[in-house]
Amino acid sequence: MKNNRTSPTIVSLSYVIGAIIGLYLVVVSAWANMESAFYGFSRLADAGLGGFNCPVLMTRDETRAISLTVSNKTDGLISPAVKTEISTSNITQEFLENMELAPGESIKLEWTVGPDNVDLERFIFAKTLMFSAHPLPNREATCGIFVINLPGSGRVILPIMVVLSLLGMGWGLYMMNKSGDSTAWVTSHIRPMTFLAVLIALGFVVSFMGGWVPSILLLAAALLMIVILLGSFILSERRKK
C-alpha cells in the first residue's frame, strides 16, 4: 500500500522558506521607509500627513507612480499648496501644486518615478509637504521604495512573494498539526511557530503602510522568537546524541 504522507522535511522547509520570504519583505520595506525619514529632506512640519502612497518594491528598470490624496474635511473652502520632493542620484526633484478644495472634496495627485530616481544604489525616496491652509497646519510625510535587481514588475513580484510566504507558513503549520509523524519538538513548539507567523503577517501590514518604527519592533520580536526556537531545537538535537 502506498504511503501518501508528506515528508516532514518538506513540511518544515515550507514553513522555513515562507518565514524567510516574509522576513525579507518586512525588512526591505521597513528599511526603505526608515532611510526616507533620514534621507535629508527638509523638515518643516511636526504633524503627519495621511494619504501619501508609494510602491513597496520596484525593479531596476520599472516606472511607477507615487500618489497623495488630499481631502477637505472642514466646513469651508481651503486652498492648500503641496510641495513634493523626489530623490535622484544628483539633485532632488521638486514639484509644487496649488489647489482649491470645497468641503468634502478630494483630489489625487500623482508623480512618476523610475530609474532616474534611484539613489543610494537601491532606493527611491519621496517627501510631500502640505502647507498650512486654515484651519489645517503644515503636514508632511515621507516614503521609501526598495529597488530590486529582478526582471518584471514590482507590482507582480510583491504579491507573489506575499502569497508564497503566507502559503508556505500556513501550509507548513497545518501539516505539522495534522501529521502524526511530527517530532516531539515540533509538537511542543507549534504555538511559538504560529506566533512567529503572525508577527510576520502583522509586519506586512505595518511596513507596507509605511510604519517603519513599529515594523522594527515587530522584527525584533520575530528575531527573538527565532533565537528561542533555534536554541531549543539545537538543545533537543544534542540530547538525542
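Select helix α4, residues 190-208 (helices, H or I, of at least four residues and strands, E, of at least two are DSSP runs, numbered from the N terminus), and colour its buried residues, which are Ile190, Met193, Leu196, Ala197, Leu199, Ile200, Gly203, Phe204 and Ser207; buried means under 20% relative accessible area, exposed over 50% and partly exposed in between, with a 1.4 Å probe and protein chains only. The model is predicted, so local features need pLDDT of at least 70 and side-chain atom pairs count only at pLDDT 80 or more, while totals for chains, interfaces and linings use all residues. Residues are numbered from 1 along each chain as its sequence is written, and side-chain values use heavy atoms, with hydrogens and water left out.

Now show what covers those buried residues of α4, including α1, α2 (154-178), α3 (184-188) and α5 (212-240), where contact means heavy atoms within 4.5 Å. After α4 comes Gly210, whose phi is positive, near 95 degrees.

Next, select Thr88, in the loop between β5 (81-86) and β6 (93-98), which is buried with a relative accessible area of 9%. Not counting residues up to four places away in sequence, Thr88 touches Tyr39, Gln93, Asp116, Asn117, Val118 and Asp119.

From Thr88, move to Tyr39, which forms one aromatic cluster with Trp31, Phe41, Phe123, Phe125 and Phe146. Rings of Phe, Tyr and Trp (its six-membered ring) pair if their centres lie within 6.5 Å, with planes under 30 degrees apart counted as stacked, over 60 as edge-to-face and the rest as tilted. The whole structure holds 8 aromatic pairs; in one, the rings of Tyr39 and Phe125 have centres 4.4 Å apart and planes at 40 degrees, so the pair is tilted.
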